[in-house]
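Work through the following exercises with the sequence and the model side by side. Try each task before you read its solution.

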Amino acid sequence: MSRQENSLRHFLSDNRRFAELINRGIFGHEVLHADRLRELDSVFTDRFGRKLQRDIIKEYQDGHHSLILALELQSVLCFYMPFRTLQYDYTQYDQQIEEIQRKNRENNLLRNGERMYWFSESDRLIPIITVMFYYGDSEWTGPAHLQDLYAWGASTQIFSDLALDYHLPIIDARHIPDVHLYTPDMAALFYALQFKNSKRKLLHFLQTTDTLRIPETVYHEIGQIIDDSEMAAQDLKQLAKGGYVCMCKALDELRIEWNEQGKAAGIEEGKAAGEALLAKLILQLSQTNNLSEIVRVSQDVQHRQELYEKYHIL
């Protein structure tokens with residue numbers, strides 16, 4: 001595990017952040033309660049003695065029922081990712097069955113027919129749900145279903161509904177909707193991951209923001225996650241207010257980015273007109289405090305054009 005991934009694992013292992021990521025990233029509303037989560041051992045061994053390791057794994061207890069939730073952190077494309085996580089799930093289901101069988105043998109209370117497999121009609125497994133958090137530089141183009149890996153032909157397609165499938169829910173850090181609805185430290189993480197390829201722009205964004213306030217410790221943690229030595233070690237005495245770093249509207253940052261793109265393309269005449277259009281769009285988005293869209297329009301030209309048409313700016 002790389003130093004950056006280890007820093008991200010530590011950051012998201014916090015129960016509140018873990019619950020918030022699953023709640024908003026998967027359901028769009030609160031489902032998990034952070035105080036009902038407990039950390040599980042992430043290292044385990046399969047029946048062949050091979051050691052496996054999850055990135056983050058927790059048990060969620062709700063009354064008499066529980067659920068195992070695992071988070072896999074992925075920074076590079078993997079085109080058989082559903083199978084990889086299925087292996088983890090299968091191994092831990094296998095462990096559950098072995099434990100049930102062991103207890104049934106010790107208690108010796110099963111009926112004759114059940115003793116063949118030492119698993120009774122009433123025995124149940126704890127559900128295991130694995131979610132992938134992708135934070136790579138490129139677009140995720142890998143599969144989200146095991147079915148996506150199968151090669152079907154014209155004559156075999158009829159069997160596709162009978163084949164095993166497995167769904168891997170994916171949260172993509174590049175496309176987090178409504179970032180401004182997250183708590184400040186989680187929102188700061190998403191913005192940092194989106195801006196991480198331009199450290200100068202990221203530092204400018206974080207230092208000039210007035211709509212988010214994060215503790216200095218979180219600021220340094222995020223610097224370690226994106227491997228930015230300036231953020232990880234920077235003296236924040238001038239920026240910090242009461243132990244917090246102020247973070248903000250990225251309007252100036254967007255103008256800087258547009259100007260750089262315009263100069264690189266040599267479009268001096270169109271720069272003024274384009275900047276005026278962008279300013280109108282930013283003003284429209286800022287009225288609803290939609291920071292995630294403001295960040296997105298700075299990076300996605302096609303989406304920017306769609307919003308120009310949507311708000312009748314063109």
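**Exercise 1. Find the residue of S5 that stands opposite Ile 56, and describe how the two strands are paired.**

Step one: the residue opposite Ile 56 in S5 is Leu 71, where strands are DSSP runs of E with at least two residues, helices are runs of H or I with at least four, and both are numbered from the N terminus. The model is a predicted one, in which local features need pLDDT of at least 70 and side-chain atom pairs count only at pLDDT 80 or more, while totals for chains, interfaces and linings use all residues. Residues are numbered from 1 along each chain as its sequence is written, and side-chain values use heavy atoms, with hydrogens and water left out.

Step two: strand S4 covers residues 56-62 and strand S5 residues 65-74, and they pair in the antiparallel sense over seven bridges; two strands count as paired if DSSP finds at least two bridges between them.

Step three: S4 and S5 make a hairpin with two residues between them, and Gly 63 in the turn has a positive phi of about 70°.

**Exercise 2. Follow Lys 58 and list its neighbours, beginning with the residue opposite it in S5.**

Step one: in S5, Lys 58 faces Leu 69 across the pairing. Step two: Lys 58 in S4 is also the bridge partner of Glu 39, and S1 and S4 pair in the antiparallel sense over three bridges. Step three: the charged end of Lys 58 sits over the ring of Phe 18, 5.6 Å from its centre; the rule asks that NZ of Lys or CZ of Arg be within 6 Å of the ring centre and within 35 degrees of the ring normal. Arg 17 likewise lies over the face of Phe 11, at 3.8 Å from the ring centre.

**Exercise 3. Place S4 in its sheet and state how many of its residues are buried.**

Step one: the sheet is open and mixed, with five strands in the order S1-S4-S5-S6-S7. Its edge strands are S1 (37-39) and S7 (170-172), each of which pairs on one side only, and the twist averages 25° from one strand to the next.

Step two: helix H1 (residues 3-12) lies across S4, S5 and S6 (128-134), running at about 150° to S5, whereas helix H3 (residues 81-107) lies across S4, S5 and S6 at about 150° to S6. These angles run from 0 to 180 degrees between N-to-C directions, with axes fitted to C-alpha atoms, for helices over the stretch in contact, and contact means heavy atoms within 4.5 Å.

Step three: five of the seven residues of S4 are buried, so that the strand is mostly covered; buried means under 20% relative accessible area, exposed over 50% and partly exposed in between, with a 1.4 Å probe and protein chains only.

**Exercise 4. Explain why the rings of Tyr 150 and Trp 152 are called edge-to-face.**

Step one: rings of Phe, Tyr and Trp (its six-membered ring) pair if their centres lie within 6.5 Å, and planes under 30 degrees apart count as stacked, over 60 as edge-to-face and the rest as tilted. Six aromatic pairs result from this rule.

Step two: the centres of Tyr 150 and Trp 152 are 5.9 Å apart and their planes stand at 85°, so the pair is edge-to-face. Tyr 182 and Phe 190 are edge-to-face as well, because their centres are 4.9 Å apart and their planes at 80°.

Step three: Tyr 150 is partly exposed at 30% relative accessibility, and both Tyr 182 and Phe 190 are buried.
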